[in-house]
Amino acid sequence: HICFKGNYESYNLFIKSLIRDNKNSFFDFYFSNLEKNEKDVFYTSNNYVNIIKRFKFNKDKLYFNIDDVDEEIVDFITEISYKGILFSTFYFKNPSMTLWTNYNNQFILFFESDEFILEHKKLAKNLSLEILFEKY
């Protein structure tokens, strides 16, 4: 796995690159499980309100197919994860990877197979993301 850190723009480009290369993948979004006071954070921004309205929520639906959302929703999920408002995890199928959003703008990308670490490490560096550690 790789742990990296960087600015929002670099992280967002990294996520979009993973999405572009991994169709039919998923992310989790636990908004429907939040308490009312926790949801209020989202209603302080008109942009957030408009995006939240586009989700079809119910208590049982926590996972969303990336192919079913547009770039604005990806930007939203990336932004609220980056800001620490609500963390999401991205699940990719080909190659099999999981991206955890994390505290202090650090993110961890787990791989099923080590053969993909170098490729994604290079992508992260090309986008000016700092590699904090890697483990094979």
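This short talk describes two helices, three residues and the largest pocket of one structure.

Good morning. The model is predicted, so local features require pLDDT of at least 70 and side-chain atom pairs count only at pLDDT 80 or more, while totals for chains, interfaces and linings use all residues. Residues are numbered from 1 along each chain as its sequence is written, and side-chain values rest on heavy atoms, with hydrogens and water left out.

I begin with helix α1. Helices are DSSP runs of H or I with at least four residues, strands are runs of E with at least two, and both are numbered from the N terminus. Helix α1 covers residues 8-21, which is 14 residues. From first to last C-alpha it reaches 20 Å, close to the 20 Å expected at 1.5 Å a residue; the expected span is 1.5 Å times one less than the number of residues. At the N-terminal end of α1, N7 acts as a cap, with a side-chain oxygen 3.2 Å from the backbone nitrogen of E9. A polar contact of this kind is a pair of N or O atoms within 3.5 Å; within protein, one must be able to donate a hydrogen and the other to accept it, and residues adjacent in sequence count only if both atoms are side-chain atoms.

Which residues of α1 are buried? They are Y8, S10, Y11, N12, F14, I15, S17, L18 and I19, where buried means under 20% relative accessible area, exposed over 50% and partly exposed in between, with a 1.4 Å probe and protein chains only. Their cover includes β1 (2-5), α4 (71-82), β4 (89-93), β5 (96-101), β6 (106-111) and α5 (117-126).

From helix α5 I take H120. H120 counts as buried because its relative accessibility is 4%. A polar atom of its side chain lies 2.9 Å from the backbone oxygen of F116. Beyond its neighbours within four places in sequence, H120 is in contact with I2, F14, L18, P95, M97, L109 and F111, contact meaning heavy atoms within 4.5 Å.

I turn next to helix α4. Its 12 residues should span 16 Å at 1.5 Å a residue, and the end C-alpha atoms are indeed 16 Å apart. At its start, a side-chain oxygen of D70 comes to within 3.1 Å of the backbone nitrogen of E72. After α4 comes G84, with a positive phi near 80°. The buried residues of α4 are I73, V74, F76, I77, T78, I80, S81 and Y82; they pack against α1, β2 (26-28), α3 (46-52), β4, β5 and β6.

Within α4, S81 is buried, at a relative accessible area of 0%. Its side chain reaches the backbone nitrogen of S88 at 3.4 Å. S81 and T101 are 20 residues apart along the chain, yet their C-alpha atoms are separated by 6.1 Å.

Finally, the largest pocket holds about 170 Å³ of space. Its lining consists of R54, F55, K56, K61, F64, N65, D68, V69, D70 and I73. By class, four of these are nonpolar, one is polar and five are charged. Of the lining residues, V69 sits in the loop between β3 (63-65) and α4. Apart from neighbours within four places in sequence, V69 is in contact with F27 and V74.Three terms remain. On a 1 Å grid over the protein atoms alone, a pocket is an open set of points where a 1.4 Å probe fits, with protein on both sides within 12 Å along at least five of seven lines, and lining residues have an atom within 4 Å of a point. The volume is the space filled by probe spheres set on the points, which are joined across faces, edges and corners. Ala, Val, Leu, Ile, Met, Phe, Trp, Tyr, Cys and Pro count as nonpolar, Asp, Glu, Lys and Arg as charged, and the others, Gly among them, as polar.
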